[in-house]
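Visitor: Please give me a close look at one part of this model. Then work outward from there.

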Amino acid sequence: MKLGDIEFHVVSDGHVLLDGGAMFGVIPRPLWERKMPPDARNRIALSMNCLVIHAGEKRILVETGAGGKMNPKLRDIYGLDGPFLLDGLRALDLRPEDIDIVVNTHLHFDHCGGNTRVEKDQVVPVFPNARYLVQEGEFAHAMRPTERDTASYFQENFATVGAAGQLSLLEGEHTVAPGVELCRVPGHTAHMQCVKLSGGGKTAFFFADLVPTTAHLPLPWIMGYDLYPMTTLENKKRWIPEAIREGWIALFAHDPRVPAAYLRERDGNWESEPLNVD
Ligand SMILES: [Zn+2]
């Protein structure tokens with residue numbers, strides 16, 4: 001998909017199974033199970049969608065999925081399954097060393113697990129030549145999470161990147177390359193960032209975990225995982241109408257069927273019109 005001089009692809013790091021109730025917060029199961037039917041363990045299948053962006057000379061990767069370091073018990077709990085990110089990159093003729101910049105919208109394991117890998121009993125960055133861009137507040141929180149969200153953070157996904165000197169900690173808005181901007185969008189965590197791509201008069205917006213799937217478009221459909229759900233609500237009211245008004249391409253981090261869509265308002269409801277980005 002091209003936006004002027006910017007080219008981007010959606011590449012999946014496969015599937016993760018998460019508790020359906022936790023994914024839909026206060027929404028009763030009879031409503032969400034129609035859209036996303038759970039398995040016998042009450043889990044729904046989500047995709048871990050990453051973006052590969054070519055902007056000028058830069059090759060930028062947004063999110064790295066869950067990666068391959070999890071132990072067998074956790075891999076079973078989360079039902080981790082391919083296709084895997086590095087295979088997707090290879091299909092685009094990209095090797096890990098070709099990536100110049102990695103953006104993590106936040107540091108939950110399903111967004112940054114592929115930052116690092118194990119080599120001879122040591123955890124090392126997967127992308128040896130990349131700078132990894134993370135919000136400073138998110139990094140500080142990830143290093144000392146609360147009792148409520150500690151299960152989402154694994155230090156080997158990000159502390160090692162810092163130790164290797166490849167981490168850049170950001171404070172708020174940041175321009176990664178011309179037409180590639182990071183926007184602070186708190187709610188899911190206090191310092192989550194979303195990615196806005198613009199070029200050739202068009203815009204695409206990666207919603208990260210503000211709107212993880214098209215099922216989460218209605219305002220009250222907010223994840224139980226969110227630390228600040230009322231802030232998520234405010235940000236949905238800000239960003240979704242803007243995306244509709246301006247005709248943006250919406251990119252969803254976790255939708256297994258619709259990674260990209262145009263958003264429309266019909267009879268007071270927000271709907272998605274799937275878009276093929278390849
Ligand atoms: Zn998250």
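Guide: Burial comes first: buried means under 20% relative accessible area, exposed means over 50%, and partly exposed lies in between (1.4 Å probe, protein chains only). This is a predicted model, in which local features need pLDDT of at least 70, side-chain atom pairs count only at pLDDT 80 or more, and totals for chains, interfaces and linings use all residues. Residues are numbered from 1 along each chain as its sequence is written, and side-chain values use heavy atoms, with hydrogens and water left out.

Start at the metal. His106 (NE2), His108 (ND1), His188 (NE2) and Asp209 (OD) coordinate the zinc ion at 2.1 to 2.4 Å. Donors here are N, O and S atoms within 2.8 Å of the metal (3.2 Å for Na, K and Ca); water is not among the atoms, so sites may look incomplete. Along the chain, the zinc donors are spaced H-x1-H-x79-H-x20-D. The angles among the four donor atoms run from 82 to 172°, and the site is irregular. Four donors count as tetrahedral if all angles lie between 85 and 135 degrees; four count as square planar and six as octahedral if opposite donors are over 155 degrees apart and all others between 65 and 115; anything else is irregular.

Two of these donors link distant parts of the chain. Histidine 108 is in the loop between β5 (101-103) and α5 (109-112). Aspartate 209 is in the loop between β13 (202-206) and α8 (229-246), 101 residues apart from histidine 108. Helices (H or I, at least four residues) and strands (E, at least two) are DSSP runs, numbered from the N terminus. Histidine 108 is buried, at 7% relative accessible area. Aspartate 209 is buried too, at 3%.

Now follow the chain into α8. Its 18 residues should span 26 Å at 1.5 Å a residue, and its end C-alpha atoms are 25 Å apart, which agrees. The expected span is 1.5 Å times one less than the number of residues. Thr232, Asn235, Lys236, Trp239, Ile240, Ala243 and Ile244 are the buried residues of α8. They pack against β11 (180-184), β13, β15 (260-266) and β16 (269-274). Contact means heavy atoms within 4.5 Å. Leucine 233 also belongs to α8. Its C-alpha is 7.9 Å from that of glycine 187, although 46 residues separate the two in sequence. Leaving aside neighbours within four places in sequence, leucine 233 contacts Leu219 and Ile222. Glycine 247 follows the helix, with a positive phi near 70°.

Next, the interior. The largest nonpolar core has 47 residues, and those with the most contacts inside it include Phe8, Val180, Phe207 and Leu263. The largest share of this core, four residues, comes from α8. A second, separate core has 22 residues, among them Leu94, Leu107, Tyr132 and Val161. A nonpolar core is a set of buried Ala, Val, Leu, Ile, Met, Phe, Trp, Tyr and Cys residues joined through side-chain atoms within 4.5 Å. Back in the largest core, valine 180 touches residues including Ile6, Ile53, Ile60, His174 and Leu197, not counting those up to four places away in sequence.

Asparagine 115 is in the loop between α5 and β6 (116-119). It is buried, at 1% relative accessible area. Beyond its neighbours within four places in sequence, asparagine 115 has contacts that include Thr64, Asn104, Phe127, Tyr132, Asn157 and Val161.

Last, the charged pairs. There are nine salt bridges, each a side-chain nitrogen of Lys or Arg within 4 Å of a carboxyl oxygen of Asp or Glu. Arginine 41 pairs with aspartate 76, with closest N and O atoms 3.2 Å apart. That pair links distant parts of the chain: arginine 41 is in the loop between α2 (29-35) and β3 (43-55), and aspartate 76 is in helix α3 (residues 72-77), 35 residues apart. Both are partly exposed: arginine 41 at 46%, aspartate 76 at 43%.

Aspartate 87 and arginine 90 form another salt bridge, at 3.0 Å between the closest N and O atoms. They are three residues apart in helix α4 (residues 85-91), so about one helical turn separates them. Aspartate 87 is partly exposed at 40%, whereas arginine 90 is exposed at 54%. Arginine 117 meets glutamate 119 at 3.1 Å, N to O. Both are partly exposed, arginine 117 at 34% and glutamate 119 at 35%. Salt bridges that share partners join Arg95, Glu97 and Asp98 into one network.
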